[in-house]
Amino acid sequence: MLVKTSPELASKLIYFKTFKKRLNLKNPKTFNEKLMWLKLNEDDSLKTIYTDKYLVRQYIQELGYSNILIDLYKVYENAEEIDFRELPSSFVLKCTHGSGFNIICSNKENLDKEHTIQQIKKWMKTDYSLHCCEPHYSKIKARIIAEKFLGESDGKLPTDYKFHCFHGEPKIIELIFDRGTAQTKSILFDLNWDILPYDEHSLSFKEAIVPPEKSYEMLEIARKLSSGFTYVRVDLYFYNKQIYFGELTFTPDACLFTDLFEEAEYIIGNLIDLAKSTKRKSVKMLKHKIDF
């Protein structure tokens, strides 16, 4: 398959299919182009570990943030190991090796357990890296984790705060709220919580947003978690007055942001200095060896 044999060519084809123009890897300028360049040129060994939804927990602990980890109930090697009787009434099941491979259960009594098992079996057989050519996903060991459910009994999920970090500095805050509903919104803000008119959704958004009371602390966490990386998106939640860690994402939207205005693509692209990338550099961010 082309994604395996030539990730660069596969990326060029995916990019052209999405944007109807060629991907410029020789002199990338836009946000998407530079994300593609980073994906194809930087050492992805640490990115693989920190994308893994189970192994990344050790990284968070190493940096002294055990308090923001969502409670972990169980780790499974395959779907057949899942015993719903030992799980609480609400929980989340996540496959560690992909994006969107989640079962969100707010009430176990309403869960179709057989369908859930079959769905997870399908995900466990899936090489997520093949979807849009994201090679670092192919090296993640497929496992299933059961975590505490953050949300209300009616299934409503907390606001998702995504901090886009460039060279260890958060620059853009993306809010995802009303997740899981037809009214899901994704709005971009600067660090002063002023709306960035970078896409149609943000430009037309008129609601007042009050920053979470621990917004400064969230920025500091994003700054520390992103240290050492050219670009990474740090996802956090603020729920019941507490900060929780979501995930680290190095190739958001598979490096294919389609909603950004053209000018915004260049503005955000300017935040990435490829001359400072970690290509050919050894980035060591853990005190101890992570066991696979």
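Let's start with the sheet: it is open, has five strands in the order S7-S6-S5-S8-S9, and pairs them antiparallel. Keep in mind that this is a predicted model. Strands of a sheet pair through backbone hydrogen bonds, either parallel or antiparallel. At the edges sit S7 (185–189) and S9 (242–249), each of which pairs on one side only. Going from one strand to the next, you'll find a twist that averages 25 degrees.

Now zoom in on the S7 edge. S6 (residues 169–177) and S7 run antiparallel and are joined by five bridges. If you want a spot to look at, try leucine 175, whose bridge partner in S7 is isoleucine 187.

Next, see what lies across the sheet. Helix H9 (residues 215–225) does so, spanning S5 (160–166), S6, S8 (231–239) and S9. Relative to S8, H9 runs at about 145 degrees.

Elsewhere on our tour there's a helix pair to look at. Two packed helices are described by the angle between their axes and the distance between the axes. For H3 (residues 31–41) and H10 (residues 262–269), the axes come within 7 Å and cross at roughly 45 degrees. An angle of 35 degrees or more is no longer roughly parallel, and roughly perpendicular starts at 65, so H3 and H10 count as oblique to each other. Who makes the contact? On the H3 side it's Phe31, Asn32 and Lys34, while H10 brings Glu265, Ile268 and Gly269. By character, these contact residues of H3 and H10 split into two nonpolar, two polar and two charged.

Conventions:
Residues are numbered from 1 along each chain as its sequence is written. This is a predicted model: local features need pLDDT of at least 70, side-chain atom pairs count only at pLDDT 80 or more; totals for chains, interfaces and linings use all residues. Side-chain values use heavy atoms; hydrogens and water are left out. Axes are lines fitted to C-alpha atoms, for helices over the stretch in contact, and angles run from 0 to 180 degrees between N-to-C directions. Helices (H or I, at least four residues) and strands (E, at least two) are DSSP runs, numbered from the N terminus. Angles under 35 degrees count as roughly parallel, over 145 as roughly antiparallel, 65 to 115 as roughly perpendicular and the rest as oblique. Contact means heavy atoms within 4.5 Å. Ala, Val, Leu, Ile, Met, Phe, Trp, Tyr, Cys and Pro count as nonpolar, Asp, Glu, Lys and Arg as charged, and the others, Gly among them, as polar. Two strands pair if DSSP finds at least two bridges between them.
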